[in-house]
Amino acid sequence: MLIDLHTHSSASDGTELAADVVRSAAQARLDVVALTDHDTYAGWPAAVDAALELGVGLVRGVEISCTHHGVSVHLLGYLVDPEHPELLAELDLARDSRETRVERMVAAMVADGIPITLEQVRALAGDGATLGRPHIADALVDSGIIGTRDEAFEDLLRNGSRYYASHYAPDPVRAVQLVRAAGGVPVMAHPFANGRGWTVGDEVIEAMARAGLAGLEARHRDHTPREQAHAVDLAAQLGLFTTGSSDYHGTGKQNVLGENTTDPEVLAEIEDQARSGTEVVRA
Ligand code: AMP
Ligand code: FE
Ligand code: FE
Ligand code: ZN
């Protein structure tokens with residue numbers, strides 16, 4: 001059983017349509033894939049159709065942008081009720097704030113003579129996608145300023161860059177509560193991946209666990225072996241399960257589908273804990 005519980009489509013900052021992510025999952029011989037776009041459910045319907053057509057299991061999820069005293073935290077919410085009003089409102093707020101934040105970042109770049117435009121960024125992101133720094137990277141590539149998204153994140157778009165701007169995001173404890181209120185199962189994404197910015201201390205994860213956190217994404221390419229081992233230890237201490245996932249973004253990142261996987265028993269536990277009526281899609 002190959003189960004990969006973290007991927008992105010062009011509904012956020014992946015490069016493939018949601019249906020194509022599922023198609024790629026079938027080609028990678030995955031049995032189950034989760035679609036977890038940043039702050040949106042927009043990819044779900046097309047992913048469901050593709051999953052039914054191709055016989056791939058589909059876990060509908062979302063990766064919620066959170067921030068704790070300025071430190072970014074990503075929370076995966078699996079099998080949530082997509083109509084739960086408070087969670088929807090929170091995702092809407094984050095997406096709206098991402099729009100103005102990208103406007104500010106692009107304006108700062110334009111002011112410095114970097115030849116990109118907001119229209120270009122929006123066009124490259126496509127209609128309705130959750131805007132993010134990767135789309136600014138795409139404009140920089142499109143204008144020939146840099147070669148790849150990775151290069152953009154090494155310099156112009158990195159967290160400490162003069163062009164960096166933050167956006168609204170809920171505290172992770174509140175996000176955990178909202179995912180549970182929406183009947184979903186909250187799992188903290190790449191908890192110790194500090195290559196690109198600060199990560200929160202264990203005490204924040206303990207608070208999230210008290211609020212209903214179900215698991216930690218221990219196996220992720222942005223963790224060193226030590227960080228992975230610490231995630232496994234902390235999960236055991238707090239009574240959480242662990243997952244492994246690719247965080248696939250199509251060609252937008254080097255992450256390959258199925259490069260890390262989750263045990264079938266853990267998927268069964270996720271299904272068992274879900275209370276939303278949103279089920280794993282199986283053909
Ligand atoms: P944002 O949420 O807009 O602040 O942008 C962060 C997103 O950029 C993350 O979700 C990552 O998927 C993506 N990202 C971070 N580093 C890189 C990188 N080196 N190459 C491509 N994408 C990246
Ligand atoms: Fe992303
Ligand atoms: Fe993430
Ligand atoms: Zn992700």
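**Two helices and a buried serine**

H3 crosses over H7 in a left-handed sense. Keep in mind as you look around that this is a predicted model. To find the pair, pick out residues 85–111 for helix H3 and residues 172–181 for helix H7. Their axes sit 8 Å apart, and the packing angle comes to about 135°. Angles over 145 degrees would count as roughly antiparallel, and 65 to 115 as roughly perpendicular, so H3 and H7 end up as oblique to each other.

Now for the side of each helix that does the touching. On H3, look for Glu86, Leu87 and Glu90; what they meet on H7 is Arg174, Leu178 and Val179. Sort the residues of this contact by character and you get 3 nonpolar and 3 charged, with no polar ones.

Next, move along to Ser245. You'll find Ser245 in the loop that runs between strand E7 (241–244) and helix H10 (264–273). Is Ser245 buried or exposed? Its relative accessibility is 0%, and buried means under 20%, so Ser245 counts as buried.

What surrounds Ser245, once its neighbours within four places in sequence are set aside? Its contacts include Asp4, Leu5 and His6, then Glu217, Arg219 and His220, and also Asn260, Thr261 and Thr262. Leu5 deserves a second look: the Ser245 side chain comes to 3.2 Å from the backbone nitrogen of Leu5. For a sense of scale, try Gly201, which is 44 residues from Ser245 in sequence and 22 Å away in space, going C-alpha to C-alpha.

Key
Residues numbered from 1 in each chain as written. Chains lettered and ligands numbered in written order. Predicted model: local features only at pLDDT ≥ 70, side-chain atom pairs only at ≥ 80, totals over all residues. Heavy atoms only, no water. Axes fitted to C-alpha atoms, helices over the stretch in contact; angles between N-to-C directions. Helix = DSSP H or I, 4+ residues; strand = E, 2+ residues; numbered from the N terminus. Parallel < 35°, antiparallel > 145°, perpendicular 65-115°, else oblique. Left-handed = near helix turned anticlockwise from the far one by under 90°. Contact = heavy atoms within 4.5 Å. Nonpolar A, V, L, I, M, F, W, Y, C, P; charged D, E, K, R; others polar. Buried < 20%, exposed > 50% of the residue type's maximum accessible area, 1.4 Å probe, protein only. Polar contact = N/O pair within 3.5 Å; in protein donor to acceptor, adjacent residues only side chain to side chain.
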